[in-house]
Amino acid sequence: MTRHIKLFDTTLRDGEQSPGASMTTPEKVRIAKQLEKLGVDIIEAGFAIASPGDFDAISQIGEIVTQSVVCSLARATEKDVLKAGEALKYARQKRIHTFIATSPIHMEYKLKMKPDEVIARAIDAIKLAKSLANDVEFSCEDATRSEAPFLKEIISAALEAGAGTINIPDTVGYAIPFDYQRFIKEIVDFVGDRAVISVHCHNDLGLATANSLAAILGGANQAECTINGLGERAGNASLEEIAMTLRVRKDLFGGADTRINSKEIYASSRLLAETCGIEPQPNKAIVGKNAFAHESGIHQDGVLKHRATYEIMSAEDIGLDRNRLTLGKLSGSHAFREKLKELGFDLDETEFKRAFDRFKELADRKKTVYDEDIRSLLTSESANVPAEFTLVNIQLADCSGGMPFSAVTIRRSNGEEITDAAIGGGTIDAVFKAIDRVCGFSGQLLDYKVDAVSEGKDALARALVKVVFDDEKPAVMGHGLDVDTMKASAEAYIGSLNSYLVMKDRLRKIDRTSV
Ligand code: KIV
Ligand code: ZN
């Protein structure tokens, strides 16, 4: 590699701003570990001042991540920057990312500030950030609609104040590749070796990846992106698309490459999709379900004769091995251990034992256990939070034309078992109402999805719920996995309730420590 392009992953910050993508702290920690394994240079773990949950996630990620830099976003204000510094206190390698808008429209209408005041605010924030973390990034929000002379003025001030990375975001997805490349080159020539120039592209016109690559050709040495292109509105530039384009078309990028271990791309994509319940569209480049599927006879024939006739990269390059062995009821712990290794899971003995028991239980009920089943099993396992409530049993009576009725038994963490029943408009309504009665909470269901993890009539059902309990926001997500759809749904609902209790408890602790 002759030129290292840093990848700054903002899945946990900008990605989480995507509608419906909120994640719990244990889920974010799990994703951060995977991002580290994937080889991203910088993990933007959240926006410390935005919520106690964000603060908590950044702190915990800072404590466990060793290879990547951990970063918090902060507006250019004293309280934001101080909060970011506090959240990153224990991070081994930390970065504070501070930003302020620089376009005329944002300065006049959003900030209601004169350009000189904006520069003064940026300088103060960068100096304060620099006293808390050696590594400071400054972003000129809405840079692509800013005036070049003003941008150069604020960049000069930011460099003087100590910023080591200058980000030129296309906040509203307005840039066009050839023009963005020229614009970035102008900034790169202006800054020289005084800082790393970064780009951060949104996908409103479907050009986020193309713009990021054009900027790399223009001299940018850092690209900000997210797994699966998750992000506000139409999303952010997709990490896997940037990384794989640089690999596949290295002939055009003069040796520019990232440190991404491409074999971890598929696992990262699946983990994120399963965690926040947002599947990439089937035709999404690199990680979509159809990305490596050849349906037409002509294509299949060509690929069988020579793979490169219709494939510019292989599924194996991104860690998706189509010829892997499936497991079943007769597979033992050795085969299961090998399978976990192949899929990139690294479990300690206790985790392995629990996962193996769950696998055996599944294999008893399902003829073939596919890689996707195991991945889902492990993801739902690792995201587990301490369970106050565990499902023991559900009974359903759904007489056609009558009132669906459900009785549910739940075990509390102290061993006590409670049973209660409810009727509902439909079976799901009856089950969730019965759980509310047993547990003594009232949940408002905002989203509910069920899909099949793999193929076959006996496929594992994956249920996902998003619920607000007792009118206390934010909403929490829950996942459930079972060959029985109703049981998967009940597990998901109970999981969301357990997450809600953990979240409440954490918030109480944070409140106490900040008094
Ligand atoms: O899109 C944007 O401008 C951002 C900044 C905070 C970098 O997300
Ligand atoms: Zn953004």
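## The zinc site

Let's start with the metal: the zinc ion (ligand 2) gets its protein donors from D14 (OD), H200 (NE2) and H202 (NE2), which lie 2.0 to 2.1 Å from it. Donors here are N, O and S atoms within 2.8 Å of the metal (3.2 Å for Na, K and Ca), and since water is not among the atoms, sites may look incomplete. Along the sequence, the donor residues follow the spacing D-x185-H-x1-H. D14 sits in the loop between β2 (6–9) and α1 (25–38), while H202 sits in the loop between β8 (196–201) and α8 (208–217), so this pair ties together parts that are 188 residues apart in sequence. Both D14 and H202 are buried, meaning under 20% relative accessible area (exposed is over 50%, partly exposed in between; 1.4 Å probe, protein chains only).

## About the model

This is a predicted model, where local features need pLDDT of at least 70 and side-chain atom pairs count only at pLDDT 80 or more, while totals for chains, interfaces and linings use all residues. Residues are numbered from 1 along each chain as its sequence is written, chains are lettered from A and ligands numbered from 1 in the order in which they are written, and side-chain values use heavy atoms, leaving out hydrogens and water.

## The barrel

Eight strands close into a barrel, in the order β2-β3-β4-β5-β6-β7-β8-β9, with parallel pairing. Neighbouring strands of this sheet are turned by 25 degrees against each other on average, direction ignored. Strands (E, at least two residues) and helices (H or I, at least four) are DSSP runs numbered from the N terminus, and two strands pair if DSSP finds at least two bridges between them.

Take β8 and β9 (residues 222–225): they run parallel and are joined by 3 bridges. In β9, Q222 is the bridge partner of S198.

## The cores

The largest nonpolar core has 92 residues, and F138 and I166 have the most contacts inside it. Such a core is a set of buried Ala, Val, Leu, Ile, Met, Phe, Trp, Tyr and Cys residues joined through side-chain atoms within 4.5 Å. Helix α6 (residues 148–161) gives the most to this core, with 8 residues.

A second, separate core of 29 residues includes F389, C439, A488 and A492.

## The domains

The protein chain is divided into domain 1 (3–276), domain 2 (333–382) and domain 3 (389–513); these bounds come from an automatic or database domain assignment. Between domain 2 and domain 3, 11 residues of one are in contact with 11 of the other, where contact means heavy atoms within 4.5 Å.

Note on methods
Axes are lines fitted to C-alpha atoms, for helices over the stretch in contact, and angles run from 0 to 180 degrees between N-to-C directions.
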